[in-house]
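Let us walk through this structure step by step, moving from one element to the next and asking how each relates to its surroundings.

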Amino acid sequence: MTTTRWKVSLDQDSCISSGICQALAPGRFEVRAGTPARVVSEEVDREDALLDAAESCPVEAIGLVDARSGDVVYPPAD
Ligand code: SF4
């Protein structure tokens, strides 16, 4: 069985440094006071905590894409 891989993106121009992503997915995001968050690894194994972080970002700055198919995982299509 192959593990689903996700590509993680983060729009630093939108980020308000709330720290929510880092709190929900420790080790996946790094947030330092007053500076935009950054993604620690741009491609990672599928992880519920990442989806929680993306869904909880107050400015919807986090995107998740299936690394193999390119299908958008988050944000959902309208
Ligand atoms: S949750 Fe969103 S706004 Fe908050 S630090 Fe992470 S990317 Fe930035």
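In this predicted model, a good place to begin is helix α2, whose buried residues are covered by elements that include β1, α1 (20-24), β2 (29-30), β4, β5 and β6. Which residues of α2 are the buried ones? They are Leu-50, Ala-53 and Ala-54, where buried means that a residue has under 20% relative accessible area. Seen down the axis of α2, these buried residues fall within an arc of 95 degrees, so they line one face of the helix. A general rule helps in reading this pattern: an α-helix has 3.6 residues a turn, so residues three or four places apart point the same way.

The helix α2, which spans residues 48-56, lies across β1, β4, β5 and β6, and it runs at about 140 degrees to β5. These four strands form an open sheet in the order β4-β1-β5-β6, with antiparallel pairing. Because β4 (43-45) and β6 (72-74) stand at the edges with a single partner strand each, one side of each is left without a neighbour in the sheet. Neighbouring strands of the sheet are also turned against each other, by 35 degrees on average when direction is ignored.

We can now look at how the individual strands are joined. In general, strands of a sheet pair through backbone hydrogen bonds, either parallel or antiparallel. Strand β1 (residues 5-10) pairs with strand β5 (residues 62-66) in the antiparallel sense over five bridges; along this pairing, Trp-6 stands opposite Asp-66 in β5, while Ser-9 has Gly-63 in β5 as its bridge partner. On to β6: β5 pairs with β6 in the antiparallel sense over two bridges, and the bridge partner of Leu-64 in β6 is Tyr-74. The strands β5 and β6 form a hairpin with five residues between them, and in its turn Gly-70 has a positive phi of about 80 degrees.

Is β5 mostly covered or mostly open? Four of its five residues are buried, and the strand is therefore described as mostly covered, given the cut-off of under 20% relative accessible area for a buried residue.

Finally, we turn to the space enclosed by the protein. How many cavities of 30 Å³ or more are counted? The count comes to one, and the largest cavity has a volume of about 100 Å³. Of the 14 residues that line the largest cavity, the closest to its centre are Cys-15, Ser-18, Cys-21, Cys-57 and Pro-58.

Technical notes: Residues are numbered from 1 along each chain as its sequence is written. This is a predicted model: local features need pLDDT of at least 70, side-chain atom pairs count only at pLDDT 80 or more; totals for chains, interfaces and linings use all residues. Side-chain values use heavy atoms; hydrogens and water are left out. Two strands pair if DSSP finds at least two bridges between them. Axes are lines fitted to C-alpha atoms, for helices over the stretch in contact, and angles run from 0 to 180 degrees between N-to-C directions. Contact means heavy atoms within 4.5 Å. Buried means under 20% relative accessible area, exposed over 50%, partly exposed in between (1.4 Å probe, protein chains only). The arc is that of the directions from the helix axis to the C-beta atoms. On a 1 Å grid over the protein atoms alone, a cavity is a set of points where a 1.4 Å probe fits but cannot get out, and a pocket is an open set with protein on both sides within 12 Å along at least five of seven lines; lining residues have an atom within 4 Å of a point. Grid points are joined across faces, edges and corners, and a volume is the space filled by probe spheres set on the points.
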